[in-house]
Amino acid sequence: MKANSVSLDHGVRGHPAKNSTAAKLAGIVSRRWLSYVGLFVVMALGIGLDLGLAWYMMQITDTAVLKEKKAFIDLIVIGLCILLLSVTVNFFDSYLKSKVSNTLRNDLRIMTFHHMLRLPSSYFDKSHSGELLTRLTSDNQAIGQALGNTLMMLIRSPVMAVFSFIYLLSIYWPLAVVCGFIGPLTLLVGKVFGKALRENGKNVQDLVGKSTGFLQDVLSGNAVVKAFQLEQKFYGKYKAYSGRILARETKAGTLNATMQAASNGIGVSSFIIAFVLGAYFVINGKMTIGALIAFIQLLNHVTWPFTGLAGLWGSLQNALGSADRIFEVLEQRVEHTRLPESAANKEDERFVTLELDGLGFGYDDGKKMIENLSFTVEAGQMIALVGPSGAGKTTLFKLLLGLYRPTSGQIRLNGQATASMGLDRLRGFFSLVPQETYLFSGTFRENIADGRADATDEEILAAAKHAHAYDFIMKLPEGLDTEIGERGVKLSGGQKQRIAIARALLRNAPVLLLDEATAALDNKSEHLIQSALEKLMTGRTTFVIAHRLSTVQRADRILVMDNGQLAESGTHDELLAAKGLYSRLYHMQFKTQAEELG
Ligand SMILES: Nc1ncnc2c1ncn2[C@@H]1O[C@H](COP(=O)(O)OP(=O)(O)OP(=O)(O)O)[C@@H](O)[C@H]1O
């Protein structure tokens with residue numbers, strides 16, 4: 001990753017930073033100091049050239065007025081040199097500005113994504129993925145723009161103004177002093193409007209984030225939208241979002257226009273004053289015509305920077321609003337200090353025992369979801385988790401995977417408390433087959449290989465065969481290289497599940513967390529999946545959130561959860577004999593299945 005040779009760790013490592021947004025941005029900008037040195041050199045040359053051009057205009061006008069032919073020819077040569085230099089400087093100015101802007105956008109993009117990948121599940125539960133997406137897209141765009149052109153112009157303008165003013169003083173100081181008072185007035189305008197523009201800019205970005213999240217939901221759930229005929233409702237909702245964005249953008253436009261008009265008025269009045277007064281001084285013989293032309297040219301540099309500054313200040317404030325949103329993500333506490341490596345399939349990490357000791361947990365709302373849960377699982381056992389909906393079965397999986405930390409008690413893996421174990425190592429013990437299959441856009445090969453990055457083609461094919469996915473993949477013209485569509489839209493539910501099983505097979509972790517799908521499949525597909533799961537469970541310790549009677553009956557131990565507590569535990573026969581919650585659930589399900597089978 002040579003091109004990204006910046007440190008990806010934002011200095012604050014998840015602690016809310018006290019520095020201002022501008023100071024935090026400065027920290028990021030400073031990583032590209034060499035490009036900025038180049039930009040400053042080009043800027044100095046550009047300022048010199050602009051001053052030189054004013055001098056040149058004065059000389060050539062006075063030479064023409066005085067009809068000095070020899071000096072006139074010399075000035076034509078000098079003019080050509082100025083032209084050549086100006087073209088070169090202009091090229092490097094634009095090139096370096098876009099380079100620094102693009103590079104910093106790239107830095108920020110990868111830094112933000114790197115940070116996002118290390119954020120805990122609790123953060124994603126609270127934030128909408130579409131909204132987070134805009135921080136990597138439009139917010140990133142706004143900042144990149146500001147750190148290139150806007151920033152350089154903001155630095156160049158006052159420097160240029162100072163040098164131009166000194167030159168004006170040297171031409172005719174009384175006129176310079178009069179005009180010099182007017183330019184800085186525009187700064188006041190910028191100050192008055194800057195805060196409002198920044199706040200408005202942040203509001204626009206917040207709204208864009210929300211509406212993008214909404215769009216993402218509607219577009220990815222388009223089948224439900226059509227089935228429930230939600231088109232009108234969602235169209236109205238999006239129109240409302242869009243209208244609010246428009247209103248905010250119109251407000252920004254009005255603020256900008258007022259600010260520009262005010263600073264322009266100040267700029268134009270200084271121009272008129274200079275022209276009228278300058279003409280008066282020419283009539284009185286205090287200035288030459290050439291000096292007046294140079295004066296007007298330079299005055300432009302004294303006033304324009306201030307005039308333009310107001311607009312630039314506005315876009316900088318907008319970008320700071322976007323930066324606030326990005327830093328909000330970068331300052332979230334991360335669960336990993338670095339990106340975890342896939343730790344599965346390590347021979348030295350065999351599973352021996354897993355103990356839950358007085359485990360307690362509640363989500364953010366403080367309500368206890370799991371209370372005082374204790375049990376021990378030995379290697380090779382198959383544990384079925386059953387219980388009513390909302391009993392806490394999936395939550396237990398989240399705790400085992402370290403997606404959330406227990407609020408009390410301990411989980412011990414091979415005798416070691418998981419709280420003191422690195423998350424990479426902890427997650428390396430597990431392979432997850434979630435209830436809702438989640439595949440990523442890409443090919444079959446890529447999706448299966450997500451189980452293990454260094455898997456060979458033979459291993460991928462073997463996993464596909466064991467998962468009964470090989471035949472349907474190979475029937476497709478591009479085989480393993482067939483694109484599966486967004487989240488696997490081109491696949492049936494059963495096919496998706498078999499790809500997920502192949503992925504888990506390849507991971508080859510010692511403990512399998514299997515959340516059985518509840519969706520009913522046809523008999524053939526069901527049989528293929530059962531057979532694939534059998535292969536996956538072989539030689540592994542398995543926790544299965546069980547919805548099927550067959551799974552439950554085969555389990556070495558059934559843990560019956562109710563309201564986050566272990567209500568009962570035992571084998572199928574023991575629990576039936578106990579005639580408790582399990583027995584009731586079993587008979588209820590058995591009756592339903594018998595009815596379904598006619
Ligand atoms: N991220 C979350 N934030 C807050 N509460 C949550 C979160 N996820 C789940 N819950 C709540 O925790 C409780 C247990 O949920 P869990 O998903 O563990 O149940 P479950 O036993 O797996 O249910 P099911 O069989 O229906 O999948 C539920 O009341 C649920 O509303």
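**From a buried strand to the domains around it**

In strand β6, which covers residues 430-433, the side chains of F430 and L432 point one way, while S431 and V433 point the other way. All of these residues are buried. The model in which they are found is a predicted one. Strand β6 is joined by four bridges to strand β7 (residues 511-515), and the two strands run parallel. Within this pairing, L432 of strand β6 stands opposite L513 in β7.

A further sheet offers a contrast in direction. Strands pair through backbone hydrogen bonds in either a parallel or an antiparallel sense. The open sheet considered here has four strands in the order β2-β1-β4-β5, and its pairing is antiparallel. Its edges are formed by β2 and by β5 (416-417), each of which pairs on one side only. Strand β1, residues 353-362, is paired with β2 in the antiparallel sense over seven bridges. Two opposing positions help to trace this register: E355 stands opposite T376 in β2, and F361 stands opposite I370 in β2. The two strands form a hairpin with five residues between them. In the turn of that hairpin, G366 has a positive phi of about 85°.

Strand β2 (residues 368-378) also contains N372. This residue is not a glycine, yet its phi is positive, at about 45°. N372 counts as partly exposed because it has 15 C-beta neighbours inside 10 Å, where 20 or more would be required for a buried residue. A second non-glycine residue with a positive phi is H468, with a value of about 55°. H468 lies in the loop between α14 (457-466) and α15 (470-474). With 21 C-beta neighbours inside 10 Å, H468 counts as buried.

The next level of organisation is the division of the chain into domains. According to the domain assignment, domain 1 spans 21-330, domain 2 is made up of 351-429 + 510-525 + 537-598, and domain 3 spans 438-508. The centres of domain 2 and domain 3, taken over C-alpha atoms, are separated by 27 Å.

These two domains are linked by a nonpolar core. In soluble globular proteins, nonpolar side chains tend to be buried together. The largest nonpolar core of the model has 69 residues, and those with the most contacts inside it are L385, I501 and A502. Helix α16 (residues 493-507) supplies the largest share of this core, namely seven residues. Because domain 2 and domain 3 both give residues to the core, it lies between them. The surroundings of A502 show some of its contacts in detail: beyond residues up to four places away in sequence, A502 touches I448, A463, A464, A467 and A469. A second, separate core has 29 residues, and L96, L108, L132 and A142 are among them.

Attention now turns to the ligand. The residues that surround the ligand are D125, Y363, M369, G387, S389, G390, A391, G392, K393, T394 and T395. Helix α11, residues 393-400, gives the most to this shell, with three residues. By character, the shell divides into three nonpolar, six polar and two charged residues.

Two positions in long-numbered helices complete the tour. G290 is found in helix α10 (residues 289-330) and, with 22 C-beta neighbours inside 10 Å, counts as buried. Residues G290 and T63 are 227 residues apart along the chain, but their C-alpha atoms are separated by 8.5 Å. When residues up to four places away in sequence are not counted, G290 touches M58, Q59, T61, D62 and V65.

L175, in turn, has its place in helix α6 (residues 138-180). L175 is buried, since 23 other C-beta atoms lie within 10 Å. Leaving aside neighbours within four places in sequence, the contacts of L175 are A274, L277, G278, F281 and F295. L175 and E574, by comparison, are 399 residues apart in sequence and 103 Å apart in space, C-alpha to C-alpha.

Terms used
Residues numbered from 1 in each chain as written. Predicted model: local features only at pLDDT ≥ 70, side-chain atom pairs only at ≥ 80, totals over all residues. Core = buried A, V, L, I, M, F, W, Y, C linked by C-beta atoms within 7 Å. Buried ≥ 20, exposed ≤ 12 C-beta atoms within 10 Å, placed from the backbone. Domains from an automatic or database assignment. Contact = placed C-beta atoms within 7 Å. Near = placed C-beta within 6 Å. Nonpolar A, V, L, I, M, F, W, Y, C, P; charged D, E, K, R; others polar. Pairing = 2+ DSSP bridges.
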